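Open the model in your viewer and keep the selection box at hand. The stops below go one selection at a time.

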Amino acid sequence: MKILLIVLILSLISAINVLAQVKIFVSEKGQSNSVGTIAKPFNSLDVALKQAQKLVDKDVIIEVREGNYYLEKTIVLNSDELKTKSLTIRAYQNEKVKIIGSKPFQVDWQPFKKNIWQAKINLRESPDRVYLNGKSLRMARYPNFDKSSKPFNGTAEDAIDPNRISFWKNYQNVFVHGLQNYRWGSLHYISKGKDEKGNLILEGGWQINRESSLHKEFRFVENVFEELDAPGEWFYDKETKTLYLIPPVGVDLKKSHITIGTIDQLLVLKGDMQKPLKNISIQKLHFTQTNWTFMKTKEPMLRSDWMLYRGGAVLLEGTENIQISDCIFDEIGGNAIFLSNYNKNDVIKDNHLYNLGASGILFVGNPKVVRSPAFQYGQIFPINEIDFQPGPKINDFPQNCVAEGNLIHHIGLIEKQTAGIDIDMSTNIKVSHNSIYHTPRAGINVGGGTWGGHIIEYNDVFDTVLETGDNGAFNSWGRDRFWQPDREKIEKVVAEKKGIELLDVIKPIIIRNNRFRCDHGWDIDLDDGSTNYEIYNNVLLNGGLKLREGYHRKVFNNILINNTLHPHVWLKNSNDSFENNIVTISYAPILNEHWGKIIDRNYFLSEDGLNYAKQKNLDAKSKTGKPEFTNPKSGNYQIKANSQVFSIGFKNFPMDFGVTSVSLKKLALEPIFPQILTEFSKAKSEVTIWQNAKVKGIETLEEQSAFGLSEAKGILFLEVPSNSLAEKNGLKKGDVLLRLGNAMTNNLFGLMEEFQKIKWQGYSEAIIYRNQKEIKISIKLSE
């Protein structure tokens, strides 16, 4: 009887749930005045959502049939109108559903001249983006697009030179893009004409939150008819309503379909703290083709280089229990997913984000809830004006949210101060098992300490900082209430006001079990003021770990391949510690007078590294020797059993990084696993590739004599291929590199050790020996 009663109760509950659940169907073949069943579906998501708004306290599922759903305006769901118990929007039975921010046009293509075609299209405004067969085309630009070139796939110093642009007929609405002068990000302008000297009159340049100017070399222009000269380029003449286009190679325009961008946001979910929009799930939809947003990037972040556009293809604001999963975001002109202000318990999981104009996933709170907020780098509050209450004023920020299992790559196509995942003014954000690569700047960025509690774990982040400088695969700063540019004043304030350094970062930020690689900066870069971090169980494949001034950083049980700890200007009584780590080369301090609480019980792969540390009265109990990794060529850096590495307290941890879904694992790339630097012998000569050239160490007296050297030391360039970085730096076959930066390059190990320490600088002085004469040159360290 009990079993029968339980069965009856469960059946009753199931029946009630079925009655409470409502399904609404959408199809390209439907009608706006239909009833929304599978037999008689609606024709748009907008109509289906209006129907859902009529259903109170129901579990509503909107099933979208395969098709392309073009939007001329953003779909907005808000908590005032939606009264459902829950809402799920998903593709029907895994069918392919595209939500598209562009409008299709039927056009009559006619030859214009040479390889240019033309078509009349009546548009109210000049288009932002044009798509052919679903792929974005490029505005007519100079210099032309070069897939192999960085930054911006091609730049030219003379891009806006008055002499060069004198043949243009129209000087209005030209877009000028370039890196900021310090290469911290990008600046973007639109022209309003030209002055009497022939210079463009520019509006814009507000995309970096520091005093900035356009880089003299890294710049390009687009939206110029006279520059229409390469396959895949287009130009729209607003006066004649004519679209000019050079088809991509192999494309027949007569058999192609064209769409033109209409909006930069596809879906907005909006509520507020008092009345949040709740319990919505977005599944297996493909969001694509939105407009550029670089001229809207104007909002300054707290004492940051960043400016933001608070928007995305999908924007969440004032929400709870929202899930976006198994979706695709591509051909997005700005950010993909933006969680703005109050959002709680939201999950962004197993999505594929690529070909994005700006960032991937952002968690950014309301700056109005920050105590004593400062927005400029040099803005300092007098001590008697600082609010000493810890934490935020109210909870209008992302909290307890998750970004997990997402594949994010090829981002920042136009905006370079971007990240795969960015966290600002938020708390308890979990970033786990994401694969992030091919980024112009950081893969993961934490902007400021407000308010900590984040867990960054099991991520695979590489091919980062590809187009900018002075950054890392993971990057952070902590210019919180205690911080100011003058380090002596920081130390004084912290000594007088105990605990002030923890008023904003009230919970530790944990970075654990990740794999990072940065070939143009640091693997982990904790910049100005980054405070209250625990960093452990990470594999750092190339760029090492930088800790600039800050407090309470615990770094332990990490593996630093081919690099080291970079302590920059540490503070007195910082309480920093660095223990139980595997380190390849000697520490690389800059202006470092203090060495934290403890640096000891580390394992050096270089004997010179340990000797250097002991000269600094560090690492008394540390050891040196061979690494005894299990299989470094395949990325397994676990230590073999019975290794003496375990004697310093090191513990193995899982080599489990990146996405976990079966479908995304098939798509995700992995980083290159480098040759261990200590394998380069100091005693014998061997050949390797550096600066895309073949080099070896000078070894024999015969080599010394042949090149007229005073000693058998230095790096010989055996081959310097055309267009290699070595050739671009003016190096030639037969040159001998004697010094790089501040170090003599006596052998390959010495070369690689110094290069790993200074490559983040971008450029370095060097001394070469050519034709029995020393020559001082400046070289670019990496492309």
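The tour goes through pockets, sheets, a cavity, cysteines and two helices. Keep in mind throughout that this is a predicted model.

**Stop 1: the largest pocket**

Select R124, E125, S126, P127 and D128. Among the 39 residues that line the largest pocket, these are the closest to its centre. The pocket holds about 1100 Å³ of space.

Now add the strands β7 (102–105), β14 (172–180), β18 (233–237) and β20 (258–261), the elements that give two or more residues to this lining. Which of them gives the most to the lining of the largest pocket? It is β14, with four residues. Colour the lining of the largest pocket by class and you should get 17 nonpolar, ten polar and twelve charged residues.

**Stop 2: the sheet with β7 and β20**

Keep β7 and β20 selected and look at the sheet they belong to. It is an open sheet of four strands in the order β7-β20-β10-β11, with antiparallel pairing. β7 and β11 are the edge strands; each has a single partner, so one side of each has no neighbour in the sheet.

Zoom in on the contact between β7 and β20, which is antiparallel and runs over four bridges. To find one matched position, select P104 and then T259 in β20, which stand opposite each other.

**Stop 3: the second largest pocket**

Select R138, F145, N153, N355 and L413. Of the 32 residues that line the second largest pocket, these lie nearest its centre. The space inside is about 970 Å³.

Strand β11, an edge of the sheet at the previous stop, turns up again here: β11 (135–136), β12 (138–139) and β17 (214–222) each supply at least two residues of the lining of the second largest pocket. By class, that lining has 13 nonpolar, eight polar and eleven charged residues.

**Stop 4: the strands on either side of β27**

Select residues 328–332, which form strand β27. Is this strand mostly covered or mostly open? Four of the five residues of β27 are buried, and the strand is mostly covered.

Add β23 (residues 286–288), which runs parallel to β27 and is joined to β27 by three bridges. For a position to check, H286 has I328 in β27 as its bridge partner. Then add β30 (residues 352–356), which also runs parallel to β27, with four bridges between the two. Here F329 has L353 in β30 as its bridge partner.

**Stop 5: the cysteines**

Select C327 and show its sulfur. Which cysteine sulfur is the closest to that of C327? It belongs to C401, at 17 Å, which is too far for a bond. A disulfide would need the two sulfur atoms within 2.5 Å. Across the whole structure, the search finds zero disulfides.

C327 is buried, with a relative accessible area of 1%. Move the selection to C518, which also counts as buried, at 0% relative accessibility.

**Stop 6: the cavity**

Select T297, M307, E415, Q417 and T418. These residues lie nearest the centre of the largest cavity, which is lined by 17 residues. The count of cavities of 30 Å³ or more comes to one. The space in the largest cavity is about 120 Å³.

Add β15 (186–194) and β25 (307–308), each of which supplies at least two residues of the cavity lining. Colour the lining of the largest cavity by class: six residues are nonpolar, nine polar and two charged.

**Stop 7: the two sides of α3**

Select helix α3 (residues 487–496) and show the side chains of I490, V493 and V494, which are buried. Why do they fall on the same side of α3? They cover an arc of only 95° around the axis, and this places them together on one side of the helix.

Now turn the view to the face of α3 that points away from the buried side. That face carries the exposed residues E488, K492 and E496.

**Stop 8: E607 in α4**

For the last selection, take E607, in helix α4 (residues 607–615). E607 is exposed, with a relative accessible area of 54%. Add K623 and draw a distance between the two C-alpha atoms: E607 and K623 are 8.6 Å apart in space and 16 residues apart in sequence.

Definitions and conventions
Residues numbered from 1 in each chain as written. Predicted model: local features only at pLDDT ≥ 70, side-chain atom pairs only at ≥ 80, totals over all residues. Heavy atoms only, no water. 1 Å grid on protein atoms, 1.4 Å probe; cavity = no way out; pocket = protein on both sides within 12 Å on 5 of 7 lines; lining within 4 Å. Points joined across faces, edges and corners; volume = space filled by probe spheres on them. Nonpolar A, V, L, I, M, F, W, Y, C, P; charged D, E, K, R; others polar. Pairing = 2+ DSSP bridges. Buried < 20%, exposed > 50% of the residue type's maximum accessible area, 1.4 Å probe, protein only. Arc of directions from axis to C-beta.
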